[in-house]
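Here are a few exercises to work through with the structure open beside you. Try each task before you read its solution.

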Amino acid sequence: MRIEISEELCCSAGMCTLTAPEVFDQDDADGTVVLLDPEPPAALHPAVREAAHRCPCTAITVHENG
Amino acid sequence: MTAARPMTFTTVREGFFNPPAEIRKLRETAPISRMAFADGHLGWLVTGYSTARAVLADSRFSARGELKHPPVPRSAVLEEAPAAPPGMFIQHDAPEHQRYRKLLVGQFTVRRMRLLTEWIERIIEERLDEMERIGSPADLFEHFALAIPTLVITELLGVPYEDRAKFHHDAEVWSSFGASIEDVTAAFGSLGSYLHGLVLAKRAEPGDDLLSGLITGEGNLTDEEVTSIAFLLLVAGHETTANQIGLSTFALLNHPEQLAALRADPSLVEGAVEELLRYLSIVHHGPTRAALEDVEIDGTLVKAGEVVMISLAAANRDPERYTDPEDLDITREMANHLAFGHGVHQCLGQQLARIELRSGLTALLRRFPGLRLAVPAEEVGLRHDMQVYGVYRLPVAW
């Protein structure tokens with residue numbers, strides 16, 4: 001799995017940080033998504049998929065086959 | 001997929017908590033149906049979960065106030081809708097919306113909200129002390145549900161808590177469907193000039209609060225812009241959370257098995273709060289959006305200029321998304337509801353609201369093991385006639 005984020009689309013709702021804190025963080029100044037791990041281990045994949053689904057701004061793209 | 005006769009939207013719920021049966025029936029036919037708006041505009045009503053997400057995430061649907069039509073009869077908005085003033089960002093599109101939102105989101109990140117948790121918990125304990133001083137029975141809405149978010153948002157914004165009677169009153173009138181246009185205009189003007197005065201005072205002498213930060217910050221915001229932002233944050237910051245705390249408590253008292261499960265295992269509170277947000281969906285008539293061009297949604301053509309209203313309450317009960325959607329089940333997995341909306345306008349204060357709700361419910365149940373209604377449930381006044389659903393008062397005993 002490979003993750004792409006769009007800082008432009010991000011609206012800083014924080015859902016990714018809540019759902020998969022090992023993979024996503026928020027910038028302290030403006031809350032924009034910070035990608036901690038673009039290729040997370042398999043154990044985190046369900047949480048990453050959930051985070052992408054919960055993102056209100058479609059700022060997270062998950063490529064399942066890397 | 002057009003219904004024979006366009007429906008008119010009602011905010012009166014069934015059996016305390018359920019969206020009107022008419023709206024549920026519509027959803028069984030199609031996730032988007034024709035709806036007659038209060039001024040005669042023929043638009044659309046979205047009742048399906050995935051359709052709601054699609055519309056709210058689509059930039060071809062505009063949030064601009066002047067493009068919209070009023071979904072429910074309300075004396076005060078039947079006039080032609082004006083363009084939103086600068087800073088009233090819930091009614092702006094990109095790029096204005098993002099410009100304002102970016103200046104604010106840093107204040108509402110998950111991490112910043114977690115840092116506030118202990119302070120919020122102290123506020124909650126003090127409110128429970130106050131209820132004990134008053135003695136059983138007491139009105140949980142006034143002394144707990146309304147007091148907590150009011151204390152929190154006034155402190156964050158730098159609005160004097162002592163002025164609460166004034167802004168509570170103005171916000172109530174502004175939110176009421178039944179108030180006359182004169183009263184709503186007066187309340188809007190009164191709250192606006194109160195906040196404008198506050199902004200001027202903070203520009204002269206900035207404090208250590210969010211509004212002062214906006215005034216002196218890099219956004220170079222005008223007094224008018226900061227006043228509009230203060231208006232949004234103050235009203236949204238107390239009214240919605242107060243009603244969600246009040247109605248959540250009422251819902252738990254009406255579902256003794258759910259209440260017992262939460263009492264037995266307080267670690268369920270996170271899921272319980274999400275489920276209560278889904279189940280109650282207190283925003284009566286959800287976000288409205290105007291199509292900027294012809295858009296096809298689920299095989300239905302929405303023409304440019306037509307307005308779409310999302311019923312968050314209906315979408316959050318969509319059986320295609322939730323198993324047994326009509327049940328309140330605090331152990332439900334990953335609610336992922338739309339109670340805070342969806343898309344770029346999704347609630348800015350949602351992480352703050354979550355902390356107030358989780359900490360509030362946890363402390364309330366811990367302090368009062370015998371919490372119960374002090375009047376029959378039918379006598380609890382419900383806010384069918386306000387923009388945000390909830391209880392007017394919640395007399396409880398313990």
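**Exercise 1: a strand and its two partners**

B:Ala36 stands opposite B:Leu42 in β2(B). This is a predicted model, in which local features need pLDDT of at least 70, side-chain atom pairs count only at pLDDT 80 or more, and totals for chains, interfaces and linings use all residues. Residues are numbered from 1 along each chain as its sequence is written, while chains are lettered from A and ligands numbered from 1 in the order in which they are written.

Task: find which strands pair with β2(B), and in which sense.

Solution.
- Step 1. Strand β1 (residues 32-36) of chain B is joined to β2(B) by 5 bridges, and the two run antiparallel. Strands here are DSSP runs of E with at least two residues, helices are runs of H or I with at least four, and both are numbered from the N terminus; two strands pair if DSSP finds at least two bridges between them.
- Step 2. The hairpin of β1(B) and β2(B) has 5 residues between the strands, and there B:Gly40 takes a positive phi near 95°.
- Step 3. With strand β8 (residues 307-310) of chain B, β2(B) pairs in the parallel sense over 3 bridges. B:Trp44 has B:Val308 in β8(B) as its bridge partner.
- Step 4. Now look at burial (a residue is buried if 20 or more other C-beta atoms, placed from the backbone, lie within 10 Å of its own, exposed if 12 or fewer, and partly exposed in between). In β2 (residues 42-46) of chain B, 4 of the 5 residues are buried, so the strand is largely enclosed by the rest of the structure.

**Exercise 2: one face of a helix**

Task: list the buried residues of helix α3 (residues 96-105) of chain B and say where they lie around its axis.

Solution.
- Step 1. The buried set is B:Tyr100, B:Arg101, B:Leu104 and B:Val105.
- Step 2. Viewed down the axis of α3(B), these residues fall within an arc of 125°, so they line one face of the helix. The arc is taken from the directions between the helix axis and the C-beta atoms.
- Step 3. Their packing partner is α10 (223-254) of chain B, with contact meaning C-beta atoms, placed from the backbone, within 7 Å.

**Exercise 3: a small sheet**

Task: work out which strands stand at the edges of the open sheet β4-β10-β9 (chain B).

Solution.
- Step 1. The sheet has 3 strands in that order, with antiparallel pairing.
- Step 2. β4 (138-139) and β9 (372-373) of chain B each have a single partner strand, so one side of each is left without a neighbour in the sheet.
- Step 3. Between β9(B) and β10 (residues 395-397) of chain B there are 2 bridges, and B:Leu373 stands opposite B:Val396.

Conventions
Contact = placed C-beta atoms within 7 Å.
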